[in-house]
Amino acid sequence: LKCASCKCVDYCSRDCQTSTWKKHKQLCKAVTSSLKSNSSPCLILDGMGALGSNDINTKPIVNELKSAHSDVPVSVVHLDDGFTAPQQIATALEKGNFSACIILGWGSGDEDFGLDFAKSLVFREALVSWVKKGGRLIVQGERISHAAGDWPEWFDLNWKSHDYCRSIHDLNTSHWFQEAAVAHPKMDVKASLVKHVEPQDNLYGPPDGAVTLSSVPGYCGKVVSAGQSAFTLAKYGDGTVSYFGDVNAEKVTIETVGIIATGFIRIQQI
């Protein structure tokens, strides 16, 4: 017995379907609404982080997309509600009409939960195929490998977690994604930085001589290694892959997510 609306879930019986509807309805409605929409919606997956559903980034990103990019529908699915397995998300990407997928907290929360997705071959193949066909993937997390299984390698990227600190990062104005070049010239964030990022894929990174910023003695004034990135954006097939490590949902980060997720220039230029 398969869900007649989204076709993403198989059930053993009608009773089983009825009893689990409350846990399934978010994903079901996200898929079905994407197929009815004239615009390709953005799918936000939260619940992987330590805070669970309604990650600190979720509401600010939803509000940004609705205000600055109001023609792009947004669907939020809470992955920790107990019924949204990697296989279901894989099917949703295959059957839905999503232009962007934002995964929040991957690598930040429960190790077993995050690794369920990292170890799922079905999810991996569906996600990679979706990006190749033009999907825009944006991942947020405190660490890439912890509970996330080095997912950048799925896209032939060698991004690895490195420093974790607050510092100021410069916008790479020569980045290939010119829409992003109209955003904030600097990003002041507390973030998990990544290394081994190709220069053309480093959207925001610490300039030479950058140091950590902190009110805590011993944590301020330390040199931040050059070549790291607070916000990455790389091409893969016809789509893009991006990572940001901001843990406080800073305004500059949220606006940059909106620009990348929609592929549009923000109306209110900075």
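This report walks through a predicted protein model, from the whole chain down to a few residues around helix 7.

Residues are numbered from 1 along each chain as its sequence is written. Because this is a predicted model, local features need pLDDT of at least 70 and side-chain atom pairs count only at pLDDT 80 or more, while totals for chains, interfaces and linings use all residues; side-chain values use heavy atoms, with hydrogens and water left out.

**The whole chain**

Let's start with the overall picture. The protein chain has seven helices and nine strands; helices (H or I, at least four residues) and strands (E, at least two) are DSSP runs numbered from the N terminus. Its C-alpha atoms fill a box of roughly 65 × 40 × 30 Å along the principal axes. The radius of gyration is 18 Å, which agrees with the value near 18 Å for a compact globule of 270 residues; it is taken over C-alpha atoms, and the globule rule is 2.2 Å times the number of residues to the power 0.38.

Of the 270 residues, 53% are buried, meaning under 20% relative accessible area with a 1.4 Å probe, protein chains only. A contact means heavy atoms within 4.5 Å. Among contacts between residues at least 6 apart in sequence, 76% join residues at least 24 apart.

**Residues in and around helix 7**

Helix 7 covers residues 251–262, and two of its buried residues are shown here.

| Residue | Place | Relative accessibility |
|---|---|---|
| T253 | helix 7 | 0% |
| A261 | helix 7 | 1% |

What does the side chain of T253 make a polar contact with? Its partner is the side chain of D246, at 2.7 Å. A polar contact is a pair of N or O atoms within 3.5 Å; within protein, one must be able to donate a hydrogen and the other to accept it, and residues adjacent in sequence count only if both atoms are side-chain atoms. Not counting residues up to four places away in sequence, T253 touches M187, V189, F231, F244 and D246.

A261 brings us to strand 4, residues 136–140, where R136 lies. The C-alpha atoms of A261 and R136 are separated by 6.3 Å, although the two residues are 125 residues apart along the chain. Beyond four places in sequence, the contacts of A261 include C42, L65, R136 and I138. Those of R136, with the same neighbours within four places left aside, include W130, T240, A261 and T262. A polar atom of the R136 side chain also lies 3.3 Å from the backbone oxygen of T262.

Definitions and conventions. Buried means under 20% relative accessible area, exposed over 50%, partly exposed in between (1.4 Å probe, protein chains only).
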